[in-house]
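Reader: I've got this two-chain model open on my screen. Could you take me through the place where the chains meet, and tell me what sits on either side of it?

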Amino acid sequence: MYPGLNKQGLRYIAVNYGDDAKTINGYVKTGKFTFPIGMNGTGKNDVAKHYGVSAYPTNYLLDAQGKVVARFVGFDEAGMKAALKKMGFTL
Amino acid sequence: MIACLVTLPLIFLPQGGTEEAKQIVAAWRQKVSAAKTISGVADAKSERPTDRMVFRLAKPDLFSLKSPGYEMYSDGSRIVMYTVDQKQYMVLPAGIKEQMGTMLPGLAPFFGSKVPLTEKQLGMGWFRGAPSAELTYSYGTTGTLTLYIDKATSLPLAAVTKFGERSVTMAYSDLKLDEPMSAESFKWTPPEGVTEAQMGGGTDDYEKNLLKVGAKAPDFTIKSPKGGDLNLEKSLKGSKGMLVNFWFYG
């Protein structure tokens, strides 16, 4: 789903919580993952904390200005598709 | 070797077995949904060494799952997730129960949930030498989930998820239905030195802790596991939107 949306201007950041770099790279290696993955930081960059996230997966959909459009807890593919369509993306 | 066993039957897939496959799938749904308890083992094989998940499930809402990275317990009043390495546990939103069918797709009927995917293909096949119904669901636009239901027992043999080049085989073994399980056996108390992770609020208040719709998402700079930094504001430049996903592998 991602490559097509990326062309339409949707960006993606996957924030990993708690795994080390080796585990993540091992996980990603054979998957042809094209989207950026980062590791949750500390202090100002403890993203999970500042975004109130403690259940996984949680997804935030932001608009181009970085404002929260929608939030998804768990695997909510239908909800996410609906929100993306509402933002004008073609699925 | 295992990969060979999985792929070979595809080449020799018999034609016209759909009716038989339908019956096996119907028997699986019936048998698994009627069970009062289920215990067993799910071995997930991907590029990491096998992750073994030992599970016990009892209706209506008791379960325990133990894997090397994390453990989950539901004692009927709350669901906790214990991350062993981090010596922490957290109380999960009650809604996580709805995800159980996704975590153990071969047992989805037990949770009263359909596999929340679109059925794509059904036929007869084999899994590791056992004749089975092979039920494939589409998953996203490119992924598939294939369930192998044992012809002999109507129980799931495996769930194979394919996403791009990535493939994860979760093989079920040692499945036992309707063994007596006491509610007491699902109680979990944190081991010595294990603390509750701060999530403020509580189970059903989870969403209250999230950023509000309409709020500006705070900027951050985090490290990529491959080196380099990822910055939110920078990534937003020239975009039409952004999906920020939080995940962990365990």
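Author: Here's a walk through the contact between the two chains, followed by a look at chain A itself.

Keep in mind that this is a predicted model. Across the interface, 54 residues of chain B are in contact with 57 residues of chain A. On the chain B side, the elements that give two or more residues are strand 6 (88-92), helix 4 (206-209), strand 13 (221-223), helix 5 (232-236) and strand 15 (241-247). Strand 15 of chain B gives the most, with seven residues. As for chemistry, the chain B residues that touch chain A split into 27 nonpolar, 16 polar and eleven charged.

Now zoom in on strand 15 of chain B. Its partner across the interface is strand 1 (residues 10-16) of chain A, and the two pair in the parallel sense over seven bridges. If you want a spot to click on, try A:Tyr12, which stands opposite B:Leu243 in that chain B strand.

What about the rest of chain A? You'll find four helices and four strands there, running α-β-α-β-α-β-β-α along the sequence. The chain has 91 residues, and 32% of them count as buried. Looking at contacts in chain A with a separation of 6 or more, 25% come from residues 24 or more positions apart.

And how far to trust it? Chain A has a mean pLDDT of 85, with 91% of its residues at 70 or more. Confidence in chain A is highest in strand 3 (residues 58-62), at a mean of 94, and lowest in helix 2 (residues 21-29), at 75. Where pLDDT is low, the predicted coordinates shouldn't be read in detail.

How values were computed
Residues are numbered from 1 along each chain as its sequence is written. Chains are lettered from A and ligands numbered from 1 in the order in which they are written. This is a predicted model: local features need pLDDT of at least 70, side-chain atom pairs count only at pLDDT 80 or more; totals for chains, interfaces and linings use all residues. pLDDT is the predictor's confidence in each residue, from 0 to 100. Two residues are in contact if their C-beta atoms, placed from the backbone, lie within 7 Å. Ala, Val, Leu, Ile, Met, Phe, Trp, Tyr, Cys and Pro count as nonpolar, Asp, Glu, Lys and Arg as charged, and the others, Gly among them, as polar. Two strands pair if DSSP finds at least two bridges between them. A residue is buried if 20 or more other C-beta atoms lie within 10 Å of its own, exposed if 12 or fewer, and partly exposed in between; C-beta atoms are placed from the backbone.
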